Structure formats: C-alpha cells, structure tokens
Amino acid sequence: MAIQEISATEAARRRDEFHAIDVRADFEFRGPLGRVAKAKLVPLPELESRAGELPRDRPLLLICRSGARSGKACEQLAALGVTSVVNLTGGMIAWNRANLPVEREAPSTLAELLEHVARWVAQVTAQPPDAVRESLRGQLEAFGAAADGPTRAALARLLDSVERSFAEKGAPPDLEIALTSFRRWLAAL
C-alpha cells in the first residue's frame with residue numbers, strides 16, 4: 001500500500017479535516033520544533049498498543065520530526081487496518097520552515113533549557129544523552145558556568161559553540177529552527 005502524503009502548507013490549510021497524531025518522543029513533542037496545535041502525542045514505540053485510542057471519525061495526520069517515523073507509523077496503522085492515514089511530508093521541520101503556527105512549551109529554568117539542548121544534540125548526533133550532557137557541562141564550565149548550574153552567559157556561549165560545531169561537521173536540517181527556539185527561550189528566562 002502506498003502511503004498518502006501531504007505537504008505542510010496543504011495540511012495547515014486543511015487542518016480541520018484531520019486528527020493530528022504526533023509519533024515523536026515526549027521530549028521532542030515539548031522541544032524546540034514545537035508541535036501542531038491540538039496534536040495528540042502517541043510515540044511510535046507505543047503506537048501499536050495504543051491504536052485503539054485513535055479517533056476514527058476523520059483521517060489521521062501522522063507527524064514526526066522529518067516525515068520518516070510518521071511514514072512508518074502510517075505503515076503500522078495500515079497493517080492494523082487503519083487506512084485513513086496521511087503522512088506529513090517533511091514533518092515538523094517542514095512545518096516550521098513554512099512558518100506555520102506551532103505550540104511550544106518554554107523551559108522555566110536554565111537547567112531545563114540545557115536539558116532541551118542536550119536531548120536535541122543527542123538526537124541529531126545519535127549519541128547517548130548522558131555522554132552529550134557530560135560534554136555540554138564540560139563546555140559550560142569552560143565558559144564560566146557556576147558549579148550549581150548554567151548561567152545565561154555560559155548558555156549563550158554554548159549555543160554559539162554548538163552552532164559553530166555543526167557548521168564545521170554538517171548541520172542537521174533543523175539546526176536554525178532549534179537554535180532560534182533555544183535563543184528565544186534563553187532571552188525569556
């Protein structure tokens with residue numbers, strides 16, 4: 001069965017025709033890319049066991065970071081007999097690039113912001129989160145962070161360092177979107 005796909009702009013235009021189901025991990029759902037308004041979080045590893053919770057009165061718009069996992073979610077649901085599914089091509093990266101509205105939950109502390117940065121870096125580099133946290137904490141100390149946690153100035157320098165590092169290695173497709181969110185959150189704290 002071919003997966004039906006829809007662009008971000010078309011999905012936004014027709015948003016009321018779908019139930020939005022986000023298959024990312026919880027930290028991504030609450031992370032720098034944000035989420036489509038009123039999207040329901042059903043992480044891909046839980047999709048099969050939670051398929052019975054999904055509404056069936058309208059087609060399901062499956063969403064992830066880039067469109068890959070949501071494509072797999074469409075295949076899984078089709079195998080379970082749920083055929084009215086549509087994949088958001090390009091995922092939340094495409095949604096953000098189209099400047100469509102997103103819901104975001106800003107961190108309430110500098111430590112929470114650092115955790116968002118660490119989880120995002122771990123995801124895009126496929127490194128263990130604990131190793132990334134340790135590396136980032138080391139950089140923060142070098143930038144003059146306090147022993148009890150990050151400072152605004154140290155976090156700002158860390159974000160600049162992350163940006164330079166990715167510029168040298170090859171940037172993930174959501175680098176600019178993530179850094180913009182992180183910097184906005186930092187300015188608000």
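**Helix H4, its setting and the nonpolar cores**

Student: How do you know whether the span of H4 is close to or far from the expected one?

Tutor: H4 has 12 residues, and 17 Å separates its first C-alpha from its last. The expected span is 1.5 Å times one less than the number of residues, which gives 16 Å for H4. The span of H4 is therefore close to the expectation. These values come from a predicted model.

Student: Which residues of H4 are buried, and what places them on the same side or on opposite sides of the helix?

Tutor: Ser70, Gly71, Ala73, Cys74 and Leu77 are the buried residues of H4. Around the axis they cover an arc of only 155°, so they lie on the same side of H4. This buried set packs against helix H3 (47-50), strand E4 (60-63) and strand E5 (85-88). On the face turned away from the buried side, H4 carries the exposed residues Lys72 and Ala79. Just after the helix, Gly81 takes a positive phi of about 95°.

Student: Glu75 also belongs to helix H4 (residues 68-79). Why is Glu75 called buried, partly exposed or exposed?

Tutor: The relative accessibility of Glu75 is 49%. Buried requires a value under 20% and exposed a value over 50%. Glu75 falls between these limits and therefore counts as partly exposed. As for its position relative to Asp22, the two residues are 53 apart along the chain, and their C-alpha atoms are separated by 15 Å.

Student: Why is Ser161 called buried or exposed?

Tutor: Ser161, found in helix H8, has a relative accessibility of 15%. That value is under the 20% limit, so Ser161 counts as buried. Leaving aside neighbours within four places in sequence, Ser161 is in contact with Gln139 and Phe143.

Student: Which members of the largest nonpolar core touch the most other members, and which helices supply at least two residues each?

Tutor: The core holds 25 residues, and those touching the most other members are Trp120, Leu136, Leu155, Leu158 and Phe182. Helix H6 (110-125), helix H7 (129-142), helix H8 (152-169) and helix H9 (175-188) each supply at least two of its residues. H6 gives the largest share, eight residues. Leu155, beyond its neighbours within four places in sequence, is in contact with Leu110, Leu113, Leu114, Leu140, Pro150 and Leu186. Apart from this core lies another, of 19 residues, including Ile6, Ala11, Leu33 and Val86. In soluble globular proteins, nonpolar side chains tend to be buried together.

Student: How do you know whether the radius of gyration of the protein agrees with that of a compact globule?

Tutor: For 189 residues, a compact globule would have a radius of gyration near 16 Å; the protein has 18 Å, which agrees. Along its principal axes, the C-alpha trace spans about 55 × 30 × 30 Å. Of the 189 residues, 45% count as buried. The accessible surface comes to about 9,500 Å², and 50% of it belongs to carbon and sulfur atoms.

Student: How many helices and strands does the protein have, and what pattern do they follow along the sequence?

Tutor: The protein has nine helices and five strands. Read along the sequence, they follow the pattern β-α-β-α-β-α-β-α-β-α-α-α-α-α. Among contacts between residues at least 6 apart in sequence, 66% join residues at least 24 apart.

Terms used:
Residues numbered from 1 in each chain as written. Predicted model: local features only at pLDDT ≥ 70, side-chain atom pairs only at ≥ 80, totals over all residues. Heavy atoms only, no water. Core = buried A, V, L, I, M, F, W, Y, C linked by side-chain atoms within 4.5 Å. Buried < 20%, exposed > 50% of the residue type's maximum accessible area, 1.4 Å probe, protein only. Helix = DSSP H or I, 4+ residues; strand = E, 2+ residues; numbered from the N terminus. Contact = heavy atoms within 4.5 Å. Arc of directions from axis to C-beta. Rg over C-alpha atoms; globule rule 2.2 N^0.38 Å. Areas by Shrake-Rupley, 256 points an atom, 1.4 Å probe, with all protein chains shown as cover.
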